[in-house]
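Please read the points below with the structure open beside you. They go through a few places in the chain, one at a time.

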Amino acid sequence: MSVHFAGTTALVTGASSGLGAEFARVLAARGADLVLVARRLDRLEALARELETRHGITARILGADLGEPAAWARVRAFTDAEGVRVSTLVNNAGFATYGVLAETDPGRADEEVRLNVGALTALTRLYLPDLMSEGRGALVNVASTAAFQPVPSMAVYGATKAYVRSFTAAVAWETRATGLRVTALCPGATRTEFFDVVGSEDAKVGRYQSAGQVVRRAMRALDARRTPPVVVSGVANRVGAVLGRLAPERLGLPLTEALMGR
Ligand SMILES: NC(=O)c1ccc[n+]([C@@H]2O[C@H](COP(=O)([O-])OP(=O)(O)OC[C@H]3O[C@@H](n4cnc5c(N)ncnc54)[C@H](OP(=O)(O)O)[C@@H]3O)[C@@H](O)[C@H]2O)c1
């Protein structure tokens, strides 16, 4: 049975492209009002107007660099000032750096942790009491198949996504009696702007899924009678995730290094 989002508000980070924009489209089609957050305001503006026209919902936009810790409380202050009660939170904004750690830009690695871990944790904490008391929405934290094993050439990225998976599964357990649906969504390679930001497709493992396929998988998890705390999109990715978890690291590390194009 499809969950109804009519009359509720969903906040989506990283909504200016890729999976975040797709989440915004699908949630709007199910009747949710939206708060869309990212740095590229022009993209958010165009998407907000498109979805308002098509679905008769209200879409608010906020330009924020979530790699800056000061922005995290600003998001909450914005929804408070607008009188918006958030009942669904999609922590989707994230990016990856690629290359052996000693050769990567230290500032970029710090930013990666602040965005993929810091912003996601802070926003979850800031909105969780509301999400729990509403109890009819969802918390979706976007992790990755990189969460299931250490990833040479993407050491920081893999570790941030392992954090997201662990953190979200624990929050799902803590909130299990509230009616809030909580899941860590783990996509594999997905056709978005992700690899443009990475700067290389060498890091791509397996076949691309579309953003639509990945978000449909997430919505299926939310519609389930019991939302799984961790959901991997795509059969091949599910097999890879199981192997990644079970393989001893002395076997997994060289294999993952080879898969990462090194
Ligand atoms: N595509 C894949 O293969 C793949 C696989 C597994 C997991 N994921 C995860 O999926 C999530 C979405 O990525 P995507 O594939 O949709 O890539 P994308 O098309 O590059 O989208 C990333 C989104 O994050 C936003 N963002 C980046 N830095 C930000 C910042 N400092 N502050 C605020 N927003 C920021 C971007 O908006 P602005 O640039 O406008 O700020 C954009 O909307 C990420 O968490 C990623 O790790 C992707």
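**Notes on helices, salt bridges, a loop and a surface patch**

1. Helix α2 covers residues 41-55, and both Arg49 and Glu45 belong to it, four residues apart, which is about one turn of the helix. Their side chains form a salt bridge with an N to O distance of 2.4 Å. Keep in mind while reading that this is a predicted model.

2. Are these two residues buried, partly exposed or exposed? Arg49 has a relative accessibility of 33% and is classed as partly exposed. Glu45 is partly exposed too, at 35%. Both values fall between the limits used here, under 20% for buried and over 50% for exposed.

3. Helix α2 also holds Glu50 and Arg54, again four residues apart, about one turn of the helix. A salt bridge links Glu50 to Arg54, and the closest N and O atoms are 3.6 Å apart. Glu50 is partly exposed at 27% relative accessibility. Arg54, in contrast, has a relative accessible area of 57% and is exposed, because exposed means over 50%.

4. In helix α3, Arg76 and Asp80 are four residues apart, about one turn of the helix. Which of the two is buried, and which is partly exposed? Arg76 is the buried one, with a relative accessibility of 17%, while Asp80 is partly exposed at 43%. Salt bridges with shared partners connect Arg76, Asp80, Arg85, Asp130, Glu134 and Arg136 in one network. Within the pair from α3, the closest N and O atoms of the salt bridge between Arg76 and Asp80 are 3.1 Å apart. Over the whole structure, the search gives 14 salt bridges.

5. The next point concerns how two helices pack. In general, such a pair is described by the distance between the axes and the angle between them. Here the pair is helix α3 (residues 70-81) and helix α4 (residues 106-134), whose axes come within 9 Å and cross at roughly 35°. The crossing of α3 past α4 is right-handed. On the α3 side, the contact is made by Trp72, Ala73, Val75, Arg76 and Thr79. On the α4 side, the residues include Arg114, Gly118, Ala119 and Ala122, along with Leu123, Leu126, Tyr127 and Asp130. Arg76 and Asp130 therefore appear both in this contact and in the salt-bridge network, where a bridge needs a side-chain nitrogen within 4 Å of a carboxyl oxygen.

6. Where is Gly188 placed? This glycine sits in the loop between β6 (181-186) and β7 (190-191). Gly188 is buried, at a relative accessible area of 14%. Leaving aside residues up to four places away in sequence, Gly188 touches Thr145, Ser233 and Asn237. Gly188 and Arg207 are 19 residues apart along the chain, and 8.3 Å separates their C-alpha atoms.

7. The last point is about the surface. Which residues make the nonpolar surface patch of about 260 Å²? They are Val205, Leu255 and Leu259. Leu259 belongs to helix α9, which covers residues 249-259. With a relative accessible area of 44%, Leu259 is partly exposed. That value meets the requirement for patch residues, because they need over 30% relative accessible area.

Conventions: Residues numbered from 1 in each chain as written. Predicted model: local features only at pLDDT ≥ 70, side-chain atom pairs only at ≥ 80, totals over all residues. Heavy atoms only, no water. Patch = residues over 30% accessible without salt bridge, like charges linked within 9 Å, V, L, I, M, F, W, Y side chains within 5 Å. Areas by Shrake-Rupley, 256 points an atom, 1.4 Å probe, with all protein chains shown as cover. Helix = DSSP H or I, 4+ residues; strand = E, 2+ residues; numbered from the N terminus. Buried < 20%, exposed > 50% of the residue type's maximum accessible area, 1.4 Å probe, protein only. Axes fitted to C-alpha atoms, helices over the stretch in contact; angles between N-to-C directions. Left-handed = near helix turned anticlockwise from the far one by under 90°. Contact = heavy atoms within 4.5 Å.
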